[in-house]
Amino acid sequence: MLSITISTIAVTLSLVSLFISRRKDQRDVFLKLHELLISPDLQNGRRVLFELHARAGRIEELSEPDYASANRALSALDAAGLYCHKKYVSEKEILDLWAPSLTRMKYASRSFLQHRDAFWPGIPTWPHYRRLADNAEQHLRSQGIDIEQFVAPIPARPQSPSDPA
């Protein structure tokens with residue numbers, strides 16, 4: 001009987017240790033993902049898409065670096081969506097922090113997504129990002145937040161006197 005009790009305690013401790021380790025790993029992945037998403041390069045990519053949307057611009061007008069930056073920003077958001085889908089991170093935690101930005105990006109990135117979809121007809125580009133953005137919008141709606149404020153283009157960032165013209 002003693003050996004069964006000791007074995008049960010050992011298995012229980014192993015399971016608790018596994019749970020704690022998994023939760024810590026998820027937290028670490030979440031923090032690294034968040035740090036990536038707030039990196040200047042990805043912020044710039046989102047800004048490029050916001051400004052393109054605000055001026056109703058065409059993808060062909062983007063410079064090569066701006067195109068690459070926008071592409072990288074959406075690709076990173078697709079990875080975030082995949083991480084949520086695979087449960088490497090908590091989708092609820094991602095949405096708690098990123099729902100407004102994801103919802104705004106959903107509308108600002110439409111023309112870029114259509115452009116990229118044209119390369120592979122019938123296969124939507126960045127499906128994990130699209131699902132995550134849809135979930136972000138639903139998350140905000142469930143909180144009673146008016147989505148119209150996220151649909152409209154945001155004004156361009158004002159240029160400071162030190163910015164090159």
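**Reasoning through a predicted model**

Asp41 and Arg72 form a salt bridge, with the closest N and O atoms 2.6 Å apart. The model is predicted.

Me: What makes Asp41 and Arg72 a salt bridge?
Reply: The cut-off is 4 Å between a side-chain nitrogen of Lys or Arg and a carboxyl oxygen of Asp or Glu. Here the closest N and O atoms are 2.6 Å apart. That is within the limit, so the name applies.

Me: Which parts of the chain does the pair of Asp41 and Arg72 link?
Reply: Distant ones. Asp41 is in helix H2, Arg72 is in helix H3, and 31 residues separate them in sequence.

Me: Why is Asp41 called partly exposed?
Reply: Buried means under 20% and exposed means over 50%. Asp41 has 33% relative accessibility, so it falls in between. Arg72, with 41%, is partly exposed too.

Me: How many salt bridges does a search of the whole structure find?
Reply: It finds 11. One of the salt bridges joins Lys24 and Asp28, with the closest N and O atoms 3.3 Å apart.

Me: How do you know that about one helical turn separates Lys24 and Asp28?
Reply: Count the places. Lys24 and Asp28 are four residues apart in helix H1. An α-helix has 3.6 residues a turn, so residues three or four places apart point the same way. Both residues are partly exposed: Lys24 has a relative accessible area of 43%, and Asp28 has 26%.

Me: What does the salt bridge between Asp117 and Arg130 tie together?
Reply: The closest N and O atoms of Asp117 and Arg130 are 2.7 Å apart. Asp117 lies in helix H5 and Arg130 in helix H6, so the pair ties together parts 13 residues apart in sequence. Arg130 is partly exposed at 23%.

Me: Which residues are linked in a network of salt bridges?
Reply: Lys106, Asp134, Glu137 and Arg141.

Now to the rings.

Me: Why is the pair of Tyr67 and Phe112 called tilted?
Reply: A search of the whole structure finds three aromatic pairs. In this one, the ring centres of Tyr67 and Phe112 are 5.1 Å apart and the planes meet at 45°. Centres within 6.5 Å make a pair. Stacked needs under 30 degrees and edge-to-face needs over 60. The angle of 45° fits neither, so the pair is tilted. Tyr67 lies in helix H3 and Phe112 in helix H5, so the pair ties together parts 45 residues apart in sequence.

Me: How do you know whether Phe112 is buried or exposed?
Reply: Its relative accessibility is 0%. The cut-off for buried is under 20%, so Phe112 is buried. Tyr67, at 23%, counts as partly exposed.

Me: What makes the pair of Phe112 and Trp126 stacked?
Reply: The planes of Phe112 and Trp126 are at 10° and the centres are 6.3 Å apart. The angle is under 30 degrees, so the pair is stacked. Phe112 lies in H5 and Trp126 in the loop between H5 and H6, so parts 14 residues apart in sequence are tied together. Ring pairs link Tyr67, Phe112 and Trp126 into a cluster.

Me: Which residues have the most contacts inside the largest nonpolar core?
Reply: Leu37, Leu74, Ile94, Leu102, Phe112 and Tyr129, in a core of 36 residues. H4 supplies the largest share, eight residues. Leu74 also touches residues beyond its neighbours within four places in sequence, among them Leu49, Phe112 and Trp126.

Me: How do you know that H4 falls short of a straight helix?
Reply: Compare two spans. A straight helix of 18 residues would span 26 Å, whereas H4 spans only 22 Å between its end C-alpha atoms. H4 has a kink of about 75° at Trp98, shortly before the proline Pro100. Buried residues of H4 pack against H1, H2, H3, H5, H6 and helix H7.

Me: Why is Val89 called buried?
Reply: Val89 has a relative accessible area of 3%. Buried means under 20%, so the name fits. Val89 sits in the loop between H3 and H4. Not counting residues up to four places away in sequence, Val89 touches several residues, including Gln26, Phe30 and Ile94.

How values were computed
Residues numbered from 1 in each chain as written. Predicted model: local features only at pLDDT ≥ 70, side-chain atom pairs only at ≥ 80, totals over all residues. Heavy atoms only, no water. Phe/Tyr/Trp six-rings, centres within 6.5 Å; stacked < 30°, edge-to-face > 60°. Helix = DSSP H or I, 4+ residues; strand = E, 2+ residues; numbered from the N terminus. Buried < 20%, exposed > 50% of the residue type's maximum accessible area, 1.4 Å probe, protein only. Core = buried A, V, L, I, M, F, W, Y, C linked by side-chain atoms within 4.5 Å. Contact = heavy atoms within 4.5 Å. Expected span 1.5 Å × (residues − 1). Bend = angle between axes of the 7 residues up to and from the residue.
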